[in-house]
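Me: Please take a close look at one part of this structure, its salt bridges, and describe them for a reader who has not met it before.

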Amino acid sequence: MRGIVASATVVLVILGIGNHLWWLAAVALLYLYATHGRGSPGTPPATGTGVGTPPPPDSYRAYRQRRDRQARWERRYRRERPFESRRQEREKSR
């Protein structure tokens, strides 16, 4: 990513020899990369944005409710599908 930004900045600076708007575009590109780019300290990590990943719990109560719901689902799954759950346990222990 840094290489792309650096090469784009160089191209904009070279184009800026004849037109000063390209200089402004280069400065804007560097500013955006510094504030929103990868690895900058000001950007918070993305959590809960992926498919299947829940957002972080708002409170401990919400966490406990989700954990208990998941445990109930797993117990029900093991009860309704005993052969599949035993096979999964065997594979997990290997």
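**Salt bridges**

Reply: Arg67 counts as partly exposed, because its relative accessibility is 39% (buried means under 20%, exposed over 50%, partly exposed in between, with a 1.4 Å probe and protein chains only). This is a predicted model, in which local features need pLDDT of at least 70 and side-chain atom pairs pLDDT 80 or more, while totals for chains, interfaces and linings use all residues. Residues are numbered from 1 along each chain, and side-chain values use heavy atoms, without hydrogens or water.

Arg67 has Asp68 as a salt-bridge partner (a side-chain nitrogen of Lys or Arg within 4 Å of a carboxyl oxygen of Asp or Glu). The closest N and O atoms of Arg67 and Asp68 lie 4.0 Å apart. Asp68 is also partly exposed, because its relative accessibility is 32%. The bridge between Arg67 and Asp68 is one of 5 salt bridges that a search of the whole structure finds.

Helix H4 supplies further pairs. Glu84 and Arg87 form a salt bridge, and there the closest N and O atoms are 2.4 Å apart. Both residues belong to helix H4 and, because they are 3 residues apart, about one helical turn separates them (helices are DSSP runs of H or I, at least four residues, numbered from the N terminus). Glu84 is classed as partly exposed, because 28% is its relative accessibility. For Arg87 the relative accessibility is 31%, so Arg87 is partly exposed as well.

Arg87 appears again in a salt bridge with Glu91, where the side chains meet at 2.5 Å from N to O. Along helix H4, Arg87 and Glu91 are 4 residues apart, which is about one turn of the helix. Glu91 has 45% relative accessibility and therefore counts as partly exposed. Elsewhere, salt bridges with shared partners connect Arg76, Glu80 and Arg81 in one network.

Seen together, Arg87 is bridged to Glu84 and also to Glu91. Its spacing within helix H4 is 3 residues from Glu84 and 4 residues from Glu91. The N to O distances are 2.4 Å for Glu84 with Arg87 and 2.5 Å for Arg87 with Glu91, whereas Asp68 with Arg67 has 4.0 Å.

Key: Helix = DSSP H or I, 4+ residues; strand = E, 2+ residues; numbered from the N terminus.
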